[in-house]
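Colleague: I am new to this model and would be grateful for a close look at a single part. Please describe the surroundings of the ligand and what adjoins them in your account.

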Amino acid sequence: MSAPNRASTDCTVGFDAERARLDFPILQRSDSERPLVFLDSAASSQKPNQVIDAISKCYREEYANIHRGVYELSARATAMFERVRETAQRFVAAAESREIVFVRNTTEAINLVASSYGRANVGPGDEVLITEMEHHSNIVPWQMLCDQVGATLRVAPIDDRGALMMDELEKLLCDRTKIVAVAHVSNALGSVNPVAEISRLAHSVGAVVVVDGAQAVPHQPVDVQALDCDFYAFSGHKIFGPSGVGVLYGRASILSQMAPYQGGGMMIKTVTFEKTTYEDIPHRFEAGTPDIAGVAGLGAAMDYLTEIGLESIARYEAELLDYATDALSKVPGLRMIGTAPNKVSVLSFVLEGVHPHDVGTILDQQGVAVRTGNHCAMPAMEHFNVPATVRASLALYNTRSDVDALVEALLEVREIFG
Ligand code: PMP
């Protein structure tokens with residue numbers, strides 16, 4: 001097994017992964033003989049001290065409920081919360097901070113759009129267009145919407161490398177298409193979708209574009225204005241922030257026309273038993289007490305990524321993905337699932353003659369943490385005719401040593417299973 005910090009030559013692209021690793025206490029753990037080789041960041045990422053400290057600071061120094069108290073502590077917590085909204089605005093290059101809605105996660109963001117925008121704007125005979133590579137979070141809410149309003153779900157296919165077939169997507173667009181919902185990056189395959197081009201095509205038939213950005217934001221800069229999408233969703237826990245908090249970006253002109261998703265405190269202007277009037281955006285969509293310390297942690301996570309620079313991270317990870325792709329190709333009987341020309345972070349594969357869960361269990365015994373299963377993308381698995389894959393996913397703190405450890409452990413699996 002390789003020592004985790006061996007690959008000091010990895011910092012060839014203006015980013016030093018070895019230094020970044022030092023920010024993550026879990027990667028320094030000393031309670032076990034084996035260093036942690038963590039290759040499951042697509043499921044949820046590890047947290048740097050900066051994020052852990054921000055959450056702790058919030059509870060220790062500036063915690064109170066927000067938007068309520070007249071006292072100083074509440075005002076400070078509110079100011080922190082609203083500052084993070086501005087951080088999120090800059091993080092995705094939104095035009096205005098009122099376009100940022102805090103939600104629990106990507107799943108809630110998509111459900112919000114499906115419920116609020118969807119029920120008001122999609123009717124019988126209309127269509128919602130998604131792709132074959134979507135996570136269940138970007139399938140099921142649209143299926144539920146279609147069932148509720150009598151609309152039809154259409155699916156743009158992927159090719160055998162796992163890339164979206166843009167000509168097929170274009171053919172499926174028509175004046176009945178009201179919503180086009182696509183992943184920016186596929187969690188099961190790593191394929192990157194050409195969102196700006198999809199926006200252009202969708203807008204030409206009058207559809208709005210909803211982007212599931214859960215797997216894109218940890219790996220590359222995102223500019224919602226350049227992508228020209230109408231909604232963009234992501235989760236804090238995949239960008240080295242806490243779980244329980246996420247972001248929905250919505251274009252102000254659309255968001256301000258939408259009805260609330262949930263009713264309760266904080267989202268109202270006035271309430272009588274006869275009639276309630278609602279807050280303006282974004283507060284209209286933030287009913288109830290939010291995850292205040294979680295928002296503090298999310299702010300620290302976005303600052304962390306911005307400080308390092310997502311361009312440097314993207315260059316570093318591209319090089320590491322190339323290295324890993326090449327190294328895995330040398331493992332006998334390994335078939336890579338998802339080889340799109342434009343791809344980030346994810347190495348999904350099957351090993352001939354060995355069930356992915358068995359691979360995962362033996363890798364775990366070697367100290368290598370990977371995900372096995374359908375990755376909440378059963379239709380994508382079906383496309384490749386596999387029930388499950390082994391998925392190693394890379395993040396900024398992974399190095400060539402981690403990849404070498406994975407390959408070594410896979411060779412061990414090969415030894416055991418022949
Ligand atoms: N979309 C994609 C592409 C994802 O990878 C995930 C998480 N695996 C989600 C949506 C759902 O994210 P969350 O569970 O944080 O809502």
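Modeller: An oxygen atom of the ligand is 2.5 Å from an N or O atom in the side chain of T107, a polar contact, that is, a pair of N or O atoms within 3.5 Å. This is a predicted model, in which local features need pLDDT of at least 70 and side-chain atom pairs count only at pLDDT 80 or more, while totals for chains, interfaces and linings use all residues. Residues are numbered from 1 along each chain as its sequence is written, and side-chain values use heavy atoms, with hydrogens and water left out.

Q215 also faces an oxygen atom of the ligand, with a polar side-chain atom 2.6 Å away. For H135, the partner is a nitrogen atom of the ligand, 3.3 Å from an N or O atom of the side chain. The residues around the ligand (a heavy atom within 4 Å) include these three, together with N105, T106, S137, N187 and D212. A214, S235, H237 and K238 are also among them.

Helix α4 covers residues 106–121 and packs with helix α5, residues 140–149, at about 20 degrees, the axes being 9 Å apart. That makes the two helices roughly parallel, a term for angles under 35 degrees. Their crossing is right-handed. In contact (heavy atoms within 4.5 Å), residues of α4 including I110, V113 and A114 meet residues of α5, among them W142 and L145. By class, the contact has 7 nonpolar, 3 polar and 1 charged residues.

Methods. Axes are lines fitted to C-alpha atoms, for helices over the stretch in contact, and angles run from 0 to 180 degrees between N-to-C directions. Helices (H or I, at least four residues) and strands (E, at least two) are DSSP runs, numbered from the N terminus. Angles under 35 degrees count as roughly parallel, over 145 as roughly antiparallel, 65 to 115 as roughly perpendicular and the rest as oblique. A crossing is left-handed if the near helix is turned anticlockwise from the far one by less than a right angle, and right-handed if clockwise. Ala, Val, Leu, Ile, Met, Phe, Trp, Tyr, Cys and Pro count as nonpolar, Asp, Glu, Lys and Arg as charged, and the others, Gly among them, as polar. A polar contact is a pair of N or O atoms within 3.5 Å; within protein, one must be able to donate a hydrogen and the other to accept it, and residues adjacent in sequence count only if both atoms are side-chain atoms.
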